[in-house]
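Me: I have a structure open and want to work through it in small steps. Can we take it one question at a time?

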Amino acid sequence: MDISIATKGDNVKLSEDKKSVILIDQTKLPNSLEYITVQTPGDLYNAIFELKVRGAPAIGIAAAYGIYVLARQIEADNYEDFLAEFREQKDYINSSRPTAVNLSWALNRMEQLVTANSDKSRAEILALLEKECVSIHEEDIAMCLAISEYGLTLIKDGDGILTHCNAGPLATSKYGTALGPLLLGKERGMDFRVFADETRPLLQGARLTTYELFHAGIDVTLICDNMASLVMKNGWINACFIGCDRIAANGDTANKIGSSAVAILAKHYGIPFYVLGPTSTIDMNCQTGDDIEIELRDPGEISEKYYVKPMAQVGVKCYNPAFDVTDHSLITGIVTEKGICRPPYSESIVALFK
Ligand code: MRU
């Protein structure tokens, strides 16, 4: 059994010379484990937009390291010019994907450091930025571990868990959120039977979740998204664990397209449905899920991608939203690094930040 592949957490890192970010290219998995080097604004934008790095927390970590690498390249003579160029890069990177709040959250943290230190030299500001992106990464590792511990209290040895998309180490820093309790439990000698939705159209469940769990020695079974109802009806699922891209103040949760369908099914079959994510994924500026922008992606991801030849009538209209919002009324609990929120979320989420 090799748990290290799934938990070692080197999917996003700063190069030793600090001139680039090194990422596992998640689009190449599970067939080949390849690393890419990101050095320019275009490299970073494309890596995020094309899902070479994906998963809300991992996007935030990559953006933080990336904006540090880009800040080192700014050749401004004075603070005002440095700040203006920093903001231009930040806005560009922030526009790469709209739904996962961790992207703007991490970039804002980096920017605040620049604006709060206008009296410092360029070298001093760069040193602070380096410290901040390392902190963002280290904090995520600690948050994932805490989420994993809390999540583990919700399940017992032998349980069947259904998960959607990929919220494992690749999507975060280490352990992951939705997969974290399963990997941690496995390290402690527990066994789970996991059903992984393939997660159309980009197959994060098939390509990434099965890869991580299989290498960790966890009993994982791949199912098509439309099989979730049957495995629930068969009595094979004790709980659903999913990640999140943005949680509104009332608990409505945006996650990979299809998550809300899993929640609706879980309610029908009386199965608890848990969202697992760090508090950096909570956006108190969004009152409800209606305030969350849902990313629309290329129609070709549905009609052609991963097929040898097109599998839909050429020219047919395709609707390809990348995320949907699960209504808070369908969520049994939201597992964060600070504890497990229960309904009413408008109260328990506010309490997290006190
Ligand atoms: O489009 P993706 O692959 O970035 O979507 C990822 C998800 O929806 C994950 O479930 C979410 O980001 C949580 S990752 C811990």
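Me: How do the residues of the shell around the ligand divide into nonpolar, polar and charged?
Reply: This is a predicted model. In it, 19 residues surround the ligand. They divide into eight nonpolar, seven polar and four charged.

Me: Which residues of the shell are the closest to the ligand?
Reply: The shell around the ligand has 19 residues. Five names stand out as the closest. They are Arg54, Arg97, Asp245, Asn255 and Lys256.

Me: How far is a polar side-chain atom of arginine 97 from an oxygen atom of the ligand?
Reply: Arg97 is one of the closest residues to the ligand. A pair of N or O atoms counts as a polar contact within 3.5 Å. For the side chain of arginine 97 and a ligand oxygen, the distance is 2.7 Å.

Me: Which residue has a side-chain N or O atom 2.8 Å from an oxygen atom of the ligand?
Reply: Alanine 56 also lies 2.8 Å from a ligand oxygen, but through a backbone N or O atom. The question asks for a side chain. That points to aspartate 245.

Me: What percentage of the ligand's accessible area does the protein cover?
Reply: On its own, the ligand has 410 Å² of accessible area. The ligand sits in the largest cavity. The protein's cover of that area is 100%.

Me: Which elements give two or more residues to the shell around the ligand?
Reply: One is a helix and one is a strand. The helix spans 56-72 and the strand spans 253-256. They are α3 and β9.

Me: Why does the ligand lie between domain 1 and domain 2?
Reply: Domain 1 covers 3-144, and domain 2 covers 146-352. The ligand lies between them because residues of the shell come from both domain 1 and domain 2.

Me: Which residue does a cis peptide bond join to arginine 200?
Reply: Omega is about 0° for this bond. The partner is in the loop between β5 (193-197) and α8 (204-215). It is proline 201.

Me: Where is proline 344 found?
Reply: The peptide bond from proline 343 to proline 344 is cis, with omega near 0°. Proline 344 belongs to a loop. That loop runs between β14 (339-341) and α12 (345-352).

Me: What is the phi of cysteine 165?
Reply: Cysteine 165 lies in the loop between β4 (160-163) and α7 (180-187). It is not a glycine, yet its phi is positive. The value is about 65°.

Notes: Residues are numbered from 1 along each chain as its sequence is written. This is a predicted model: local features need pLDDT of at least 70, side-chain atom pairs count only at pLDDT 80 or more; totals for chains, interfaces and linings use all residues. Side-chain values use heavy atoms; hydrogens and water are left out. A residue is near a molecule or strand if one of its heavy atoms lies within 4 Å of it. A polar contact is a pair of N or O atoms within 3.5 Å; within protein, one must be able to donate a hydrogen and the other to accept it, and residues adjacent in sequence count only if both atoms are side-chain atoms. Accessible areas come from the Shrake-Rupley method with a 1.4 Å probe; for residues, only the protein chains shown count as cover. On a 1 Å grid over the protein atoms alone, a cavity is a set of points where a 1.4 Å probe fits but cannot get out, and a pocket is an open set with protein on both sides within 12 Å along at least five of seven lines; lining residues have an atom within 4 Å of a point. A molecule sits in a cavity or pocket if more than half of its atoms lie within 2 Å of its grid points. Helices (H or I, at least four residues) and strands (E, at least two) are DSSP runs, numbered from the N terminus. Ala, Val, Leu, Ile, Met, Phe, Trp, Tyr, Cys and Pro count as nonpolar, Asp, Glu, Lys and Arg as charged, and the others, Gly among them, as polar. Domain bounds come from an automatic or database domain assignment.
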